[in-house]
Amino acid sequence: MSSGIWQRGEDDEGVDGFLITDIRKEVNRAAKLKCNICKKKGASIGCVAPKCKRSYHFPCGLRKECIFQFMEDFRSYCWEHKPVQIFPDKESRGPSQCTICLDLVEHLPLYSVLKSPCCKNAWFHRECLQYQALSAGIFFFRCTVCNNKDKFQEEMLRMGIHIPEKDASWELEENAYQDLLQCYQHCDIRRCLCKEGRDYNEPDSKWEIKRCQSCGSRGTHLACSSMKSWEQNWECVECRSIFAKSGKYSKQKKRSLATSEKTDGTTCLLEEPSPKYPRQSPGSQHSFLQSPKIICQNNLSPCSRLELPPSNRMTMSLSPLMSNRNWSLRKKQLRTQRREVSSILKELKQQINTKTTRLNINTENIWNTALKGFRQRNFRPTNTIEVKFTNCKNRLKTDTSTESKHLFFQLLMGHLQNSSLFEGSSAKNLSLDLQALKENLYFEAGKMIAVSLVHGGPSPGFFSKILFNCLVYGPENVKPNLDDVADIDVVQTIKKIKYSSSLSSLQSTIHECYDFLAAAGCLRPITDLCDKNMLVDDLLTYHVIKRIISPLESFRQGLKTLGVLEKMEMHPVAFSSIFCHKPERLSAETLCDLFTIHCSSGVKEVGGADFWMGYLQDVESGESVVTLEDILYFVTGSFSIPPIGFDPEPTIKFLHVGYPIGNRLLNCLELPITKTYESFKNKMELTIRNTLIVERE
């Protein structure tokens, strides 16, 4: 802005209509004027009030609370002659909420406070209004209470709010409403019969996908549910279970949607999430390590599974102990649930675009640098994240972007687990940190966990059951027990009340703990010994849930990032496997299933796949200097499998190379073709061990 220059040209002349000769004259004029605020020359703006000779720079005027009107003649007013809003004396002087940021704003005639001209009780921070005006533009900037536009804009322009002549920022974003045009196209039947895959949809055929008539968020091929026409009604398992519990589900509908018979006489199992691993014959249940997935290069079709030689085949005997059997079943359930979570996270990852956001991370100050990165103005959870470690110069030369990102999220999850935001030993609940609540750190923590899951980072794995249930079912539907209390002193106090054997001892304990009960709001008259049960329940509810209700709600808002919380609420059992359980320790079987072997037809003759599986078994049994985690890190740059899986999926190629090569950009392990297993094992151990030693140094 400048007081001595006018737009005398057309829009395409000079600089937006300001002629070059006029600009030079104004520069010469301003060079002689001294700023009344900073005392330096170049003050091109002057107060328009009669007889006022004050001049100042634009930034100096802002600091001194001058008013600049971005309309008509673009008048400027100094701090003494600026326009003010008149507040009637009868109005309340108490604070109220800013209707934009919802923080308190004082009803005082201050530069930083503005009142709506059209609503009696609408007050704003000047900074909040300016941010909203820059975002909404002249077409959408209006009173947030009554939606008045003309009167509101006129007053805000008079008080120095700049309203740009542009469309709203949300209207200018490319494909901002593209998601609204998408509909669910995926078959969720346990055994999908379509050879083209679950996402294949061919209209007006038996492979057309029909969505649930109640929720629209589940689908099935017509053939997979034995439906003969599109007109037939179909509902998913979740909706049917809801209707069944409410008693609104008719027997006739249940019969039509239950397990149906296919035309060839075989049964079609309806929608349970696909476990994505092949059916096993009864004899294969005892096999400890299945043959790997092999795809031939000549026709890109799955080859027949290789049989391990008898010397390399290991069997697992059934334990007579029921606890071992239960633990085995539990492990299988966790694996199935994690497969389901992986497919859900891959669905959420479709939101991620190719635009990158760089995070400059210091590994020695992981929390503060991560917080700064997540709070920067250009950070968007939907952008591709690129991590640069500012204190590890050597790492930048060798690490891939995916490897650096996974390491960053791994360090971040470790910091969160041991931070003051959580309390407890191994299974943690949220703590009450007032400073963290004030700084909105619970929201940022939830946001970081959601971003980590969708962007390929590790899962937290340290949530307590009570915390997870509060997140997905709501705190009002959760009943805590004594094991959920982290404070030992509180546990001892509650135990005294719980195990009181007589009414007199109970009353005595309550008298001793008067302040403790008063702080929890649990004081009540005790007339019977059984009253202690209700008192204990109230104390547990307060210390585990009510005390942290504000952090919990803030944390939930953060987890809503990228739609993670919504999926948690839809699939609570599956997501509990990654939030409440640590990742399963790697096994030879896990790595064998993880890698797909791409090979030529001659590889089977030289025993490459057999050598690979035999080597995994040797590593697992401790007959090697490296570990399974070392092998995974050598190929992918990660010591564990993230919940979403790897992208691209890990592969193995057998080539005529001297030593194994780990391509972390493609997650590809190139293995040498050798004549003997001993030669294969020696080359693997030498290369992997030396590579890890160099990287650690």
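Guide: A residue is called exposed when its relative accessible area is over 50%, buried when that value is under 20%, and partly exposed in between. Please keep in mind, as we apply these words, that the model shown above is predicted.

Visitor: Is Glu10 buried or exposed, and where does Glu10 lie with respect to helix H1?

Guide: Glu10 has a relative accessible area of 53%, so with the cut-off of over 50% Glu10 counts as exposed. Along the chain, Glu10 sits in the segment before helix H1, which covers 20-30.

Visitor: Which residues form the negative surface patch?

Guide: The negative surface patch is formed by Glu10 together with Asp11, Asp12, Glu13 and Asp16.

Visitor: Which residues make the nonpolar surface patch, and where is Trp170 placed?

Guide: Phe139, Phe140, Trp170, Tyr177 and Leu180 make a nonpolar surface patch of about 540 Å². Trp170 belongs to helix H5, residues 169-172, and Trp170 is partly exposed, with a relative accessible area of 35%.

Visitor: How many disulfides does the structure hold?

Guide: In general, a disulfide is a covalent bond between the sulfur atoms of two cysteines. The structure here holds zero disulfides. For Cys118, the nearest cysteine sulfur is that of Cys146, 3.4 Å away; because a disulfide requires sulfur atoms within 2.5 Å, Cys118 is in no disulfide. Cys143 is likewise in no disulfide, and the nearest cysteine sulfur to Cys143, that of Cys119, is 3.8 Å away.

Visitor: What is the relative accessibility of Cys118, and is Cys143 buried or exposed?

Guide: Cys118 has 27% relative accessibility and therefore counts as partly exposed, while Cys143, with a relative accessible area of 2%, is buried.

Methods: Residues are numbered from 1 along each chain as its sequence is written. This is a predicted model: local features need pLDDT of at least 70, side-chain atom pairs count only at pLDDT 80 or more; totals for chains, interfaces and linings use all residues. Side-chain values use heavy atoms; hydrogens and water are left out. Buried means under 20% relative accessible area, exposed over 50%, partly exposed in between (1.4 Å probe, protein chains only). Patches are made of residues with over 30% relative accessible area and no salt bridge: like charges are joined within 9 Å, nonpolar side chains (Val, Leu, Ile, Met, Phe, Trp, Tyr) within 5 Å. Accessible areas come from the Shrake-Rupley method with a 1.4 Å probe; for residues, only the protein chains shown count as cover. A salt bridge is a side-chain nitrogen of Lys or Arg within 4 Å of a carboxyl oxygen of Asp or Glu. Lys and Arg count as positive and Asp and Glu as negative; His and the chain ends are not counted. The place of a charge is taken as NZ of Lys, CZ of Arg, CG of Asp or CD of Glu. Helices (H or I, at least four residues) and strands (E, at least two) are DSSP runs, numbered from the N terminus.
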